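Dear colleague,

Here is the structure that I promised to pass on to you. My notes on what was found in it follow below, and I would be glad if you read them with the model open.

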Amino acid sequence: MPPLELDGLTKYYGDVRGVEDLSFAVESGEVFGFLGPNGAGKTTTIRTLMGFQSPTAGTARVLGADVTDAGALRRARANVGFLPSEPSFDDRVSGRRILEYHAGLRGDVRSDELLELFDPPLDRDVGEYSRGNRQMLAIVIAFMHDPELVIMDEPTTGLDPLKQEQFHRFVRDERERGKTLFFSSHVLSEVRKVCDRVGIVRDGRLAALEDVEALLERSGKTVRVHAASPLAPEDVTLADAHDIEVTEAAAEADDGASTVSFTYTGAYDPLLDWLGGFDLRDLTIEEAPLEAVFMRFYDDGPDDGATVRGPTGAEAGESDDRERDADGDGPERDDHGDGSERGGRPAESTDA
Ligand SMILES: Nc1ncnc2c1ncn2[C@@H]1O[C@H](COP(=O)(O)OP(=O)(O)OP(=O)(O)O)[C@@H](O)[C@H]1O
């Protein structure tokens, strides 16, 4: 049984589509990256998997528990770690007390080890924490009971580059230990570093599901050539160059220099041969930005997106009970919820 299984998972907020018809499974011991641009549906998926909101249609199972079966999901949660998109805590309490609280809920078998990697100032009140310190505390909480499966919503948000690197190493180590990790990101380079497989969500739908290696092969590089001579788009004679753009024309420069950029999906040798024909002043070759990957491979035209009807007859303004609860008089939010910051979304709780 795969630790995570989505089958036609669909979530509408009234008439607004969060995600539609997502079907895929995350296998045991896999690091799975869930990629997508802003508003694609990553957080919606994760919140639905965690049981904070009910699907409008379709099903999902977390460690075998149907996400609509609150009792089964609660039992499964003993073996699931969760890192919300915007960890929020009771600001008047120290990090140490928050850890103790979570240790009481699900156990603590490795916080000492985790705190050597991610080290928020535990004796200070969380209200004084920087965004990065909050994130580190949330990471420790997600992993301290050594769960089999960890679900994370953009886990490196707020971490400085060194801590991000630390986190990536940690994820690789967890994979070696046989853990299953599912996390959302909009950073292709992060996914490339640590993931085995990637699902790309776009406008609420699964646009691709593939091995990271295969995705990278298809995504190509962004090449920017600053040459001493005038360059025009037709000078880029490479078969695998796309989206060619002259970003600084010779006419604009005093000295006849020019700059041309393009996405390149071919082999290096022809590129190097071609570059050899110019007097180069500067050259950058970098990973194509995620947006370019989307445009290149997954852009199937304008989407009518957020205004389509609900697939199972959900009417405008209708929302499920748990959302109404969480918005108002429902279960109390704990100190590791996900904020109300995001447009009045219901709070997430690690204990739902
Ligand atoms: N509580 C809500 N009420 C109404 N619409 C919502 C709600 N939450 C999300 N949406 C909508 O659902 C769609 C998917 O949003 P979601 O937050 O899941 O995307 P995301 O991929 O996580 O984006 P980001 O990278 O910006 O976090 C968007 O159109 C968003 O406006």
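Strand β4 (residues 57-62) pairs with β5 in the antiparallel sense over two bridges, and within this pairing R61 has D66 of β5 as its bridge partner. Strands here are DSSP runs of E with at least two residues, helices are runs of H or I with at least four, and both are numbered from the N terminus; two strands count as paired if DSSP finds at least two bridges between them. The two strands belong to an open sheet of four strands in the order β2-β1-β4-β5, with antiparallel pairing. Because β2 and β5 (65-66) stand at the edges with a single partner strand each, one side of each is left without a neighbour in the sheet.

Before going further, please keep in mind that this is a predicted model, in which local features need pLDDT of at least 70 and side-chain atom pairs count only at pLDDT 80 or more, while totals for chains, interfaces and linings use all residues. Residues are numbered from 1 along each chain as its sequence is written.

The edge strand β2 also matters for the ligand site, since β2 (16-26) and α1 (42-49) each supply at least two residues of the shell around the ligand. The ligand is surrounded by 14 residues, the closest being Y13, N38, K42, T43 and T44, where a residue counts as near if its C-beta atom, placed from the backbone, lies within 6 Å of the molecule. Helix α1 gives the most to this shell, with three residues.

Turning to the interior, β8 (residues 149-153) has five of its five residues buried, a residue being buried if 20 or more other C-beta atoms lie within 10 Å of its own, exposed if 12 or fewer do, and partly exposed in between, with C-beta atoms placed from the backbone. Both faces of β8 are covered, with L149, I151 and D153 on one side and V150 and M152 on the other. Strand β8 pairs in the parallel sense with β6 (residues 80-83) over four bridges, where V80 has L149 as its bridge partner, and β8 also pairs in the parallel sense with β9 (residues 180-185) over five bridges, where the partner of D153 is S184.

The largest nonpolar core, meaning a set of buried Ala, Val, Leu, Ile, Met, Phe, Trp, Tyr and Cys residues joined through C-beta atoms within 7 Å, has 59 residues, of which V62, I139, V140, A142, I151 and F182 touch the most other members. Helix α5 (residues 131-143) provides the largest share of this core, eight residues. Leaving aside neighbours within four places in sequence, A142 is in contact (C-beta atoms, placed from the backbone, within 7 Å) with G81, F82, L83, V150 and M152. A second, separate core of eight residues includes V223, V225, A241 and F262.

V223 also stands opposite I285 in β15, and seven bridges join β12 (residues 221-227) to β15 in an antiparallel arrangement. Strand β15 (residues 280-287) is hardly covered, with zero buried residues among its eight.

For the protein chain as a whole, there are eleven helices and 16 strands, and buried residues make up 40% of the 352 residues.

Best regards

Conventions: Contact = placed C-beta atoms within 7 Å.
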